[in-house]
Amino acid sequence: MKISYNWLKNYLNFSQTPDELSEILTDIGLEVEGLEKIETIKGGLKGIVIGEVKTCQKHPDADKLSVTTVDIGTENLLNIVCGASNVAAGQKVLVATIGSKLYFNDEELTIKKAKLRGQPSEGMICSEDELGLGKSHDGIVVLSPDVSIGTPAAQHFNIQDDYQFEIGLTPNRIDAASHFGVARDLAAYLNLSAPTKAILPCVDNFSIDNQNLIIPVEVENSSACPRYSAITISNAKVDKSPDWLQNKLRSIGQTPINNIVDITNFVLHEIGQPLHAFDADKVTGKKVVIKTLADQTAFTTLDGVERKLSNNDLMICNMQEGMCIAGVFGGVKAGVTEETKNVFLESAYFDSVWIRKTAKRHGLNTDASFRYERGTDPNITIWALKRAAMLIKEIAGGEISSDIIDIYPHPIADYSVELDLINVNNLIGKKIPKDTIIKILEGLDILVVSNMGQKLKLQIPAYRVDVQREADVVEEILRIYGYNNIEISDKVEGSLAYSMRPDRHRTINMISNTLSANGMNEIMCNSLTHKAYYNETETYPVQNIVTVINPLSTDLNGMRQTLLFGGLESISYNINRKKPNLKLYEWGNCYYFNKAKSTKEKPLKAYNEVFKLAIWETGFTNEESWTRDQESTTFFHTKGLAENIFERIGILADIMTTDQVPSDIFEYGIAYKVKDNTIAYAGKILDKIAKAFHIKQPVFFAEINWDRAFDIARVKKVLFSEIPKYPEVRRDLALLIDKNVTFAQIKDIAEKVERKLIKRVNLFDVYQGKNIEEGKKSYAVSFALQDENKTLTDKHIDKTMQNLMNAFDRELGAKIR
């Protein structure tokens, strides 16, 4: 948001320099992101003077050029070759002298002495657009005959230097989205050291001239338009705005259009109330109706674009058609033009949600919608109307030709807040005198209704949509008092607190460090997602999505149930940028809605939130190198990472099964369970899901329910034991088994047969093929045996291995090769 230093002085008397003011504004919550010295016209018209054309003759060698002599008040006349068709002797004109600079689309042009078709030229007679005074290039600027020769153009047009503040306005501070709003905050701060108050221009002299132009108004949708105010002005002359008004608008980067439109823009940036001016003669049926139109109604806006309206777009209509998208953008037919003589002027308060949805729907962001979306002041519409009408009457002539129309069936009340001064001091950390607090509140237009000892009853103006609680009021007091005025205490206060072991955050950091050490990169994806991703999944039903009521876009209309899709978006993004080898992980919440769990007493029971850890791997495990061949990522890499995490936090899965993996997500994989609770899945993502994200290479994915896994790890007791003194023995078995037998079954049987001696069981070779009968496979399994109290003998080892072979034969039909 741009604010002019000089413009602020219209409402507040202050002596601070622009730099000093920048610091103050930042301290009180209006962060100044940039301060720039500006000229209302680039270059400030330096070197441009008023001259008189003494002679004007056709160029002997060019039909479209004229050779002139111009008097600019110096000893000698200037010879200037001019290409304008309207140049003539006796005219008072604007002359760019030798060395002066002109600007065309940010390109600088220095005027030099030159010869044009053999004729000397010692300057340039300028048009509007060449000087930045307007957009016309029809010919040179011809001034009034009574202006003085030699007068600098900057003096004639009253060009003033100014300073422009670029304020990073937060969404909750729409009350400061105007010059007076900023002045009001600034006055509240300055008032702490000397009596200061921001003063609005007086509109007490407003009066109605006649009743010659009555246009009734009907509001059909009062929920979208709680207040609508309007007035008419007749016999106005649409023309250029006076210099002071043009300079005001240029100082904040606005381009003057005409006096009527400029006045509405001026009031908008003065007080923050959007206005809209209609050509009253184009109000068909001489009646204005505020309503919605049928869905897909065509409407052409001021930019010439035809838009298809929604039946939820509020419109300002005449008796036949729409004239304006309420609070957002005007229409091409009813706008003010050079031919306009009668004006219907609107000042309204629209519902912020209606305007925000309409603006998003049509991709429009205007000065009006910016303010309406965040909430304007419902009680300033009449003042803004009077201010604009009086300015139109002063600048464009005309007569105020109707009473003020004000449709306001349900006035919006101010907010009431009770403020406990003890809470103020506790929250701020410093005791601020009561008189200072009251002075700050009054400076912010917050009325102290009652003053009872340590408690104040306050009335908050309706335009402060962000101040509705005691804590909000404390924040207002603190920002005006000054954060820098709160001393840092030398005393440190603290309390001892018991924390659960293991510490959740430290455990997360530990696992993150482990994953990063394994070459993985952490990602952070948006919790908002596209509901369409869930249309074909039974594991994550679309009806269980927490739906966003007012989504920023259709791509962000729900909250994720799994981390999967955000990671696939990241993979697709990286692959498209030639980064196909990826190892990613993410921590994040997932959200669920189950209507069946909701009750009248506890409606929030329908909502659930689960913290998860996800891992994605795709491409090659290593980059291309002459030292080793590239190895493709496999399911076992991802599986190993997941199991390393379990081992790191002390979890041993009771069951690892392949038949309970979600088939609508994984082509194949494994599910990990502890006491019948599934804590994780790992596997290869279905090709059709990957292809939906334009991924053509295999993607392996693991997702751990961290809430559930951590709860199991938390109750797990860690026991330390002495390092064994006695050696470990390894024995291998080659087992011929059925094709459908898994290593997990072999491991379970081994641990049941000999719990004490067996320390590890490992599968180190799998063979199917020649010399192995159909339906069979060969597993080479190693067993690590150790007795912590003595050295194992061959007899003891052989007995243990025989027991294992018998058990494998009995339960699996395994044969020893």
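# Exercises on helix packing and local geometry

The buried residues of helix H13 pack against helices H2 (18-27), H5 (179-190), H11 (421-428) and H12 (434-443), and against strands E26 (415-420) and E28 (455-460). The model is predicted.

## Exercise 1: helix H13

Task: Work out what span the twelve residues of H13 should have at 1.5 Å a residue, and set it beside the distance between the end C-alpha atoms. Then determine which residues of H13 are buried.

Solution.
1. Helix H13 covers residues 470-481. The expected span is 1.5 Å times one less than the number of residues, which for the twelve residues of H13 gives 16 Å.
2. The end C-alpha atoms of H13 are 17 Å apart, so the model agrees with the expected span.
3. For burial, the cut-off is a relative accessible area under 20%. Nine of the twelve residues of H13 are buried, and the helix is thus mostly covered.
4. The buried residues are Asp472, Val473, Val474, Glu476, Ile477, Leu478, Arg479, Ile480 and Tyr481.
5. Just after H13 comes Gly482, whose phi is positive at about 110°.

## Exercise 2: helices H6 and H7

Task: Classify the orientation of H6 relative to H7, give the hand of their crossing, and sort the contact residues by class.

Solution.
1. The axes of H6 (residues 243-250) and H7 (residues 259-271) come within 10 Å, and their crossing angle is roughly 50°.
2. Under 35 degrees would count as roughly parallel and 65 to 115 as roughly perpendicular. H6 and H7 are therefore oblique to each other.
3. The crossing of H6 and H7 is left-handed.
4. H6 contributes Trp244, Leu245, Lys248 and Leu249 to the contact, and H7 contributes Asn259, Asp262, Ile263, Asn265 and Phe266.
5. By class, the contact of H6 with H7 has five nonpolar, two polar and two charged residues.

## Exercise 3: helices H8 and H9

Task: Repeat the analysis for H8 and H9, starting from their crossing angle.

Solution.
1. H8 spans residues 352-362 and H9 spans residues 367-374; the two axes come within 7 Å and cross at roughly 135°.
2. Roughly antiparallel requires an angle over 145 degrees. H8 and H9 are therefore oblique to each other.
3. H8 and H9 make a left-handed crossing.
4. On the H8 side, Ser352, Ile355, Arg356 and Ala359 are in contact; on the H9 side, Ser369, Tyr372, Glu373 and Arg374.
5. The residues of this contact between H8 and H9 comprise three nonpolar, two polar and three charged.

## Exercise 4: helices H19 and H20

Task: Find the angle and axis distance for H19 and H20, then the hand of the crossing and the make-up of the contact.

Solution.
1. H19 (residues 743-753) packs with H20 (residues 794-812) at an angle of about 130°, the axes being 10 Å apart.
2. This angle makes H19 oblique to H20.
3. The crossing of H19 with H20 is right-handed.
4. From H19, the contact residues are Gln745, Ile746, Ile749, Ala750 and Val753; from H20, they are Asn803, Leu804, Ala807, Phe808, Glu811 and Leu812.
5. The contact of H19 with H20 divides into eight nonpolar, two polar and one charged residues.

## Exercise 5: positive phi outside glycine

Task: Locate Leu45 and His694, and decide for each whether it is buried or exposed.

Solution.
1. Leu45 has a phi near 60°, a positive value in a residue other than glycine. His694 also has a positive phi, near 60°.
2. Leu45 sits in the loop between strand E2 (32-39) and strand E3 (48-58). With a relative accessible area of 6%, Leu45 is buried.
3. His694 belongs to the loop between helix H17 (687-692) and strand E38 (699-705). Its relative accessibility of 62% makes His694 exposed.

## Exercise 6: contacts of Lys583 and Thr633

Task: List what Lys583 touches and what Thr633 touches, leaving out residues up to four places away in sequence.

Solution.
1. Lys583 is in strand E33 (residues 582-593). Its C-alpha lies 4.7 Å from that of Glu617, although 34 residues separate Lys583 and Glu617 in sequence.
2. Lys583 touches Asn518, Gly519, Met520, Asn521, Trp616, Glu617 and Thr621.
3. Thr633 is in the loop between strand E34 (607-618) and helix H16 (635-649), and counts as buried at 7% relative accessibility.
4. Thr633 touches Glu617, Thr618, Gly619, Phe620, Thr621 and Phe700.
5. Comparing the lists, Glu617 and Thr621 appear in both.

Methods
Residues are numbered from 1 along each chain as its sequence is written. This is a predicted model: local features need pLDDT of at least 70, side-chain atom pairs count only at pLDDT 80 or more; totals for chains, interfaces and linings use all residues. Side-chain values use heavy atoms; hydrogens and water are left out. Axes are lines fitted to C-alpha atoms, for helices over the stretch in contact, and angles run from 0 to 180 degrees between N-to-C directions. Helices (H or I, at least four residues) and strands (E, at least two) are DSSP runs, numbered from the N terminus. A crossing is left-handed if the near helix is turned anticlockwise from the far one by less than a right angle, and right-handed if clockwise. Contact means heavy atoms within 4.5 Å. Ala, Val, Leu, Ile, Met, Phe, Trp, Tyr, Cys and Pro count as nonpolar, Asp, Glu, Lys and Arg as charged, and the others, Gly among them, as polar. Buried means under 20% relative accessible area, exposed over 50%, partly exposed in between (1.4 Å probe, protein chains only).
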